[in-house]
Amino acid sequence: MNSQLYSKLTVRGKVQVKSSDIQVGDLIIVEKNQRIPSDMVFLRTSEKTGSCFIRTDQLDGETDWKLKVAVSCTQRLPALGDLFSINAYVYAQKPQLDIHSFEGTFTREDSDPAVHESLSIENTLWASTVVASGTVIGVVIYTGKETRSVLNTSNPKNKVGLLDLELNQLTKALFLALVALSVVMVTLQGFVGPWYRNLFRFLLLFSYIIPISLRVNLDMGKAAYGWMIMKDDNIPGTVVRTSTIPEELGRLVYLLTDKTGTLTQNEMIFKRLHLGTVSYGTDTMDEIQSHIINSYSQVHSQNSGNSTSSTPSRKPQSSAPKVRKSVSSRIHEAVKAIALCHNVTPVYESRAGVSGETEYAEVDQDFSDENRTYQASSPDEVALVQWTESVGLTLVSRDLTSMQLKTPGGYILTYYILQIFPFTSESKRMGIIVRDESSGEITFYMKGADVAMSTIVQYNDWLEEECGNMAREGLRTLVVAKKSLTEEQYQDFESRYNQAKLSIHDRNLKVAAVVESLEREMELLCLTGVEDQLQADVRPTLEMLRNAGIKIWMLTGDKLETATCIAKSSHLVSRTQDVHIFRPVTTRGEAHLELNAFRRKHDCALVISGDSLEVCLKYYEHELVELACQCPAVVCCRCSPTQKAHIVKLLQHHTGKRTCAIGDGGNDVSMIQAADCGIGIEGKEGKQASLAADFSITQFKHIGRLLMVHGRNSYKRSAALGQFVMHRGLIISTMQAVFSSVFYFASVPLYQGFLMVGYATIYTMFPVFSLVLDQDVKPEMALLYPELYKDLTKGRSLSFKTFLIWVLISIYQGGILMYGALLLFESEFVHVVAISFTALILTELLMVALTIRTWHWLMVVAEFLSLGCYVASLAFLNEYFGIGRVSFGAFLDVAFITTVTFLWKVSAITVVSCLPLYILKYLKRKFSPPSYSKLTS
């Protein structure tokens, strides 16, 4: 990235510079489809319109294109080189986190009255976005760590699973036990002679208490789990990008998910048009089409017959608004408003062979319907414009000053754009003032959320109710209204508006005040409903996760209304639950009141916006998190990437529970890296999230199986494996301890080196490791009863309680094996080693069989393979089975091993060490069976 080359404009012409060498104040040229290297102010573009589109999916996670406008003073200069002939400067505010705002001014000093232009977010090009049309030239204002995209990222941390931390605690306990045991041995010796030397000899003899092979076994186990997840045919395309935390998938309590592209497909479909008295759904759109065709054919016939006055049919209505309009003309007005009030630009792919220059010549451009695609800053708008095209009114071209519509009869209507008021999260509405070319009428169109629009439009009795109805269906609603302006009204407005735009202090407030003077008593035209389609199987998956006791939080950069809509339609919030919408707060007092209001509600979902959240966290962090954690579902909207990560850290810090984050865009990376377990979805927004995540999946619905089946198995298996490896070391150390105490606390090893090495590796490695194939519940069962997952989060498979049980088992078995061997072998004392070791190996193999819950053919193979290896080594390595060193000549005769006495004595010791445990296990299954066994029987 740092070595990418860009063209820098200097007095001597273009120079190629590396991205890392770009400095503030440089003029950089960025071509189409090139990444913007640093935050810039947009000075000029090759496009005739003086604007360009950029793709911001790696910055805010939205797939749509954003329109950016060049500073008009520099755009008007005749040639590129003239940029150096003017004397101008740019003032920019200090670097900050918010990617959606910017305040600055552009001043040109050498013109006669100095030119002042206000710069806002639409004049900026942030780093990490991609130019989608034309070539742009910008002046660099922030670089490196000061760019918006870098300010919004966080450093990744190394993730360690909870299971590993728990095993570390147990290992520390074992180390203390080792030291204690050695000290006890030396004390019983009576501190005779060089006792400290003996202390160290004991430490070495008992060193098997410390399970060194634990890490090796666990890491191999983790690799095996990862392989199983990638090989699972039910979740194709899943990639495991980390081999350290598969067990985390079995311990999750909080799931934090992104909305756009994760829960929804980000594809909008127009579903409903409501005019107050009539409502049109998907099946009645053809009626609208016929109305439109009729009304436009009337207009045209009048136009051709009477060219002097245009559309006399509608003149009386504007002078006397009291007359009730016919349905046909109301549909006509509504559709026209939807076709005009937006930020959409039709884009035509240039025909092959047409050179770059003539691309803009109207003649060569292919205006056919198949060739047209719409670009806008929000997919809702594209859906609306595509719908007006389907009913006959088509947007064919648009630039900064005008747009053209094509009627069903093929006529082109031109409208001049006088002002445009973009959508902001505060105003929740967008407006546009257009002048009809043919009649010269000026109309102010507006559309926005029902909350914002209900106070602006004239009084009516149906809007609120219908909005509620549509929201319950999970549709995004927009209210469309209009107002006709006279020339004088408009001129007055324009002068006040331009004055407000140049003020440095409280610019936004002053501009909003001027616009609001127009937003009064507007005529309500219609209400539209657009559906955002959910990803496949989102509802059942969310329901399964909820039943599994996982609390789901939705963190999205989207608007409050949309987020609430999706939360309802995806059943994140169940039908019966109330939704508490946290009112916007800015001060400590307001936050306090709102929290109190929320505290009174029970069992209701919380919807809170990013800004309110910041305020609450500043003053009442603990109270807010405590209340939010009791909610069945939480939705945070308008979250910046850093806020998402901050919420994850808060949950970890306050609850101590495991969190999982799932997302699909560059804006989710911080959250994915902060969570204990990050899951990325390969989506439309690119692969950035899936590459940064620990697990990458192709669809949201796969998360169910990933957690319920693979998470469960990984955790259960690792817990069993870890404890078994500890048991294996403890049992042999117990035998050593018993042996030493019988022989007057001598620090003499019981088994020779090779036996000790073979014990942990070739003799018991395979059966113990085959525990990673064990499963307590069939996958189908685990998915059918997600409630089983709740038990896992309590962490009962591996705790100090289960660990102590294993310690007691080890001490019992070690003691029995050693004492048994010493009791039964009074006469041939030499054979103690052979007998106790054989019994030990058999005990280990039987214990593995006891621990396994579901047999797999590989487990049987492993058991017999190990037994075979041991029997073979008895024959070949006989000198190791004597006590002491080979020089004592205490060889083990093969004849003894084959005798019946040897066999029955070994069997007797093994039975005594294992049978009681089998009986105990049987009784435990009988009297307090685990929850899953009730399902499997």
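**Figure 1. The whole chain, starting with its charges.** In the protein chain, the 91 positive and 94 negative charges have mean positions that sit 6 Å apart. Keep in mind that this is a predicted model. The chain has 32 helices and 32 strands to find your way around. Stretch a box along the principal axes of its C-alpha trace and you get about 130 × 65 × 60 Å. The radius of gyration is 38 Å, while a compact globule of 937 residues would come out near 30 Å. What share of the 937 residues is buried? It's 52%. The surface that the chain does expose adds up to about 42100 Å², and 57% of that comes from carbon and sulfur atoms. Look at contacts with a separation of 6 or more, and you'll find that 72% of them link residues 24 or more positions apart.

**Figure 2. S149 and its partner S128.** This view takes us to helix α3, which covers residues 148-151 and holds S149. Is S149 buried or exposed? Its relative accessibility is 12%, and buried means under 20%, so S149 counts as buried. The side chains of S149 and S128 are joined by a polar contact of 3.5 Å. Skip the residues up to four places away in sequence, and S149 touches L59, A127 and S128. So S128 turns up twice here, once as a polar partner and once in the list of contacts.

**Figure 3. L525 in its strand.** Here we zoom in on strand β25, residues 523-534, where L525 is found. L525 is buried, because its relative accessible area is 7% and the cut-off for buried is under 20%. Which residues does L525 touch, once those up to four places away in sequence are left out? They are L275, E333, A334, A337, Y445, V480, A481 and K482. Now check M446 as well: M446 and L525 are 79 residues apart along the chain, and their C-alpha atoms are separated by 9.9 Å.

**Figure 4. H571 and D603, two loop residues with a positive phi.** Most residues other than glycine have a negative phi. H571 goes the other way, with a phi near 60°. You'll find H571 in the loop that runs between α16 (560-569) and β27 (578-581). H571 is partly exposed, as its relative accessible area is 24%. D603 also has a positive phi, near 50°. Where does D603 lie? Look in the loop between α17 (588-599) and β28 (604-609). D603 has 54% relative accessibility, and exposed means over 50%, so D603 counts as exposed.

**Figure 5. M671 and the residues around it.** Helix α20, residues 669-674, is home to M671. How much relative accessible area does M671 have? The value is 0%, so M671 is buried. Set aside the neighbours within four places in sequence, and M671 is in contact with L256, D258, L555, K644, A645, V648, A661 and I662. H646 is worth finding too: 25 residues separate H646 from M671 along the chain, and the two C-alpha atoms are 7.8 Å apart.

**Figure 6. N713 in helix α22.** The helix in this view is α22, which spans residues 702-742 and includes N713. With a relative accessible area of 8%, N713 is buried. Which residues is N713 in contact with, leaving aside those within four places in sequence? Look for Q775 and D776.

**Figure 7. C914 and a residue far from it in the chain.** For the last close-up, go to helix α31 (residues 900-927), where C914 lies. C914 counts as buried, because its relative accessibility is 3%. Apart from neighbours within four places in sequence, C914 is in contact with Q813, T843 and L846. Now try measuring across to R599 in your viewer. How many Å lie between C914 and R599, C-alpha to C-alpha? The gap in space is 56 Å, and in sequence the two are 315 residues apart.

Note on methods
Residues are numbered from 1 along each chain as its sequence is written. This is a predicted model: local features need pLDDT of at least 70, side-chain atom pairs count only at pLDDT 80 or more; totals for chains, interfaces and linings use all residues. Side-chain values use heavy atoms; hydrogens and water are left out. Helices (H or I, at least four residues) and strands (E, at least two) are DSSP runs, numbered from the N terminus. The radius of gyration is taken over C-alpha atoms; the globule rule is 2.2 Å times the number of residues to the power 0.38. Buried means under 20% relative accessible area, exposed over 50%, partly exposed in between (1.4 Å probe, protein chains only). Contact means heavy atoms within 4.5 Å. Accessible areas come from the Shrake-Rupley method with a 1.4 Å probe; for residues, only the protein chains shown count as cover. Lys and Arg count as positive and Asp and Glu as negative; His and the chain ends are not counted. The place of a charge is taken as NZ of Lys, CZ of Arg, CG of Asp or CD of Glu. A polar contact is a pair of N or O atoms within 3.5 Å; within protein, one must be able to donate a hydrogen and the other to accept it, and residues adjacent in sequence count only if both atoms are side-chain atoms.
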